[in-house]
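Dear colleague,

I am passing on the structure below, together with some notes on what turned up when I went through it. Please read the notes with the coordinates open beside them.

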Amino acid sequence: MSAELNLFLTNQVKHRQLLFWRIGALIAFFGAVVISMMGHRGSVGPNFSHKPHIVRLAINGVVQNDVTQIVRALKQAQGAPDVTGLLLVVDSPGGGVTGGERLHDAVKRFAAVKPVSVSMGDMGASAAYMLSVPAQHIVALPSTLTGSIGVIFQRPDVSAGLGRLGIGVDAITSGAMKDQTDPTSALTPEGRQMLQGIVNDLFAQFVSMVADGRHLTEEKVRSMADGRAYTGQQAISLGLVDELGDEDAARLWLRKRLNIGTSSYPVVPLIPERSKRWYQWPGKKALLTGLLGGSFSSALDREGLDGAVAILQL
């Protein structure tokens, strides 16, 4: 057998082995997805015990607009007599304005009857900061990136590129503004003004939330709200956070607020781990990157963000 033929056969075997591994990994992955979804349907409420305890809610990654499960769980915990407080652990660059607003309102309702403490990790910015401000106490690390108070509406325009390809798109609309969010239509000055008005209104709502939650004037908030992020060290001097520290510091504040003398006081997950959706698994991104490429897994991180977003742009 010639060396060339031997090399060819060896490469063919390796190719088949790689293909077999990828198919097997995909089957295992989507099998786990099905199991996760079954577990998700069977566990939709908070994980309450029968003795007084604090509930812990982790907000990780991009804030999606569909936060119904979390909002419902917070509402149940708010009314549960054995739940005494909320520890909100945030590590997020922000996300959908709608999701951030819904979580903000849910946390605000909870904080009106029971104490809430926030612990920020690497990031607690934009929509993630929005949902944090109703808490009575916000703790951040000195290196945490927070603030980034602002709204962005990204509106792609591919009309010029289509024109160079000889492709024309005619939009038949009921009004001059109806096609101004369509990327195949050119953005007119009137359309830009309309979209800017939407962003300005959402921004005003964000400023009002921060002013109310942090007990600052709207003028003070606007002076800091040009979209920039602040470190935790900078944010504490601006009144955006209350304390520098980690999750233990946030827990300690809750124990003092509740007059709890022991560190063994139960802290229970608000939503059981098994109820996480498949795209929230920590190893999901690495697996999908290896199987399907980086662009596919990156797209999952921004799933559902098809409108205005409040997110730290890095």
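To start with the charged pairs, the side chains of D212 and K108 meet in a salt bridge, with 3.2 Å from N to O. This pair links distant parts of the chain, since D212 belongs to helix 6 (residues 189–214) and K108 to helix 3, 104 residues apart. Please bear in mind throughout that this is a predicted model, and that every value quoted here is computed from it. As to the surroundings of the two partners, D212 is partly exposed, with a relative accessible area of 43%, and K108 likewise counts as partly exposed, at 41%.

Helix 6 also contributes R214, whose side chain forms a salt bridge with that of D242 at 2.8 Å, N to O. Because R214 lies in helix 6 and D242 in the loop between helix 8 (232–238) and strand 8 (243–244), the pair ties together parts that are 28 residues apart in sequence. Here R214 is buried, with a relative accessible area of 10%, whereas D242, at 33%, counts as partly exposed.

A further salt bridge joins the side chains of E247 and R56, again given as N to O, at 2.8 Å. It connects helix 9 (residues 247–257), where E247 sits, with strand 1 (residues 53–60), where R56 sits, and the two residues are 191 residues apart. E247 counts as buried because its relative accessibility is 18%, which falls under the 20% cut-off, while R56 is partly exposed, with a relative accessible area of 27%. Salt bridges that share partners join R56, E247 and R251 into one network, and the count for the model comes to five salt bridges.

Helix 9 deserves a few words of its own. Its buried residues are E247, A249, A250, W253, L254 and R255, and these pack against strand 1, strand 2 (83–92), strand 4 (116–125), strand 5 (137–140) and strand 8. At the N-terminal end of helix 9, D246 acts as a cap, with a side-chain oxygen lying 3.1 Å from the backbone nitrogen of D248. Just after helix 9, N259 takes a positive phi of about 60°.

The other matter I looked at is helix packing. In general, two packed helices are described by the angle between their axes and the distance between the axes. For helix 2 (residues 68–79) and helix 3 (residues 97–111), the axes come within 9 Å and cross at roughly 5°; angles under 35 degrees count as roughly parallel, and helix 2 and helix 3 are therefore roughly parallel to each other. On the side of helix 2 the contact is made by T68, I70, V71, L74, A77 and Q78, and on the side of helix 3 by R102, L103, A106, V107, R109 and F110. By character, the residues of this contact divide into eight nonpolar, two polar and two charged.

Which residues does F110 touch, leaving aside its neighbours within four places in sequence? F110 is in contact with V55, L74, A77, Q78, V83, G85, L86, P115 and V116. F110 has its place in helix 3 and counts as buried, at 0% relative accessibility. Between F110 and Q78 the C-alpha to C-alpha distance is 5.4 Å, although the two are 32 residues apart in sequence.

With kind regards

Notes:
Residues numbered from 1 in each chain as written. Predicted model: local features only at pLDDT ≥ 70, side-chain atom pairs only at ≥ 80, totals over all residues. Heavy atoms only, no water. Axes fitted to C-alpha atoms, helices over the stretch in contact; angles between N-to-C directions. Helix = DSSP H or I, 4+ residues; strand = E, 2+ residues; numbered from the N terminus. Parallel < 35°, antiparallel > 145°, perpendicular 65-115°, else oblique. Contact = heavy atoms within 4.5 Å. Nonpolar A, V, L, I, M, F, W, Y, C, P; charged D, E, K, R; others polar. Salt bridge = Lys/Arg side-chain N within 4 Å of Asp/Glu carboxyl O. Buried < 20%, exposed > 50% of the residue type's maximum accessible area, 1.4 Å probe, protein only. Polar contact = N/O pair within 3.5 Å; in protein donor to acceptor, adjacent residues only side chain to side chain.
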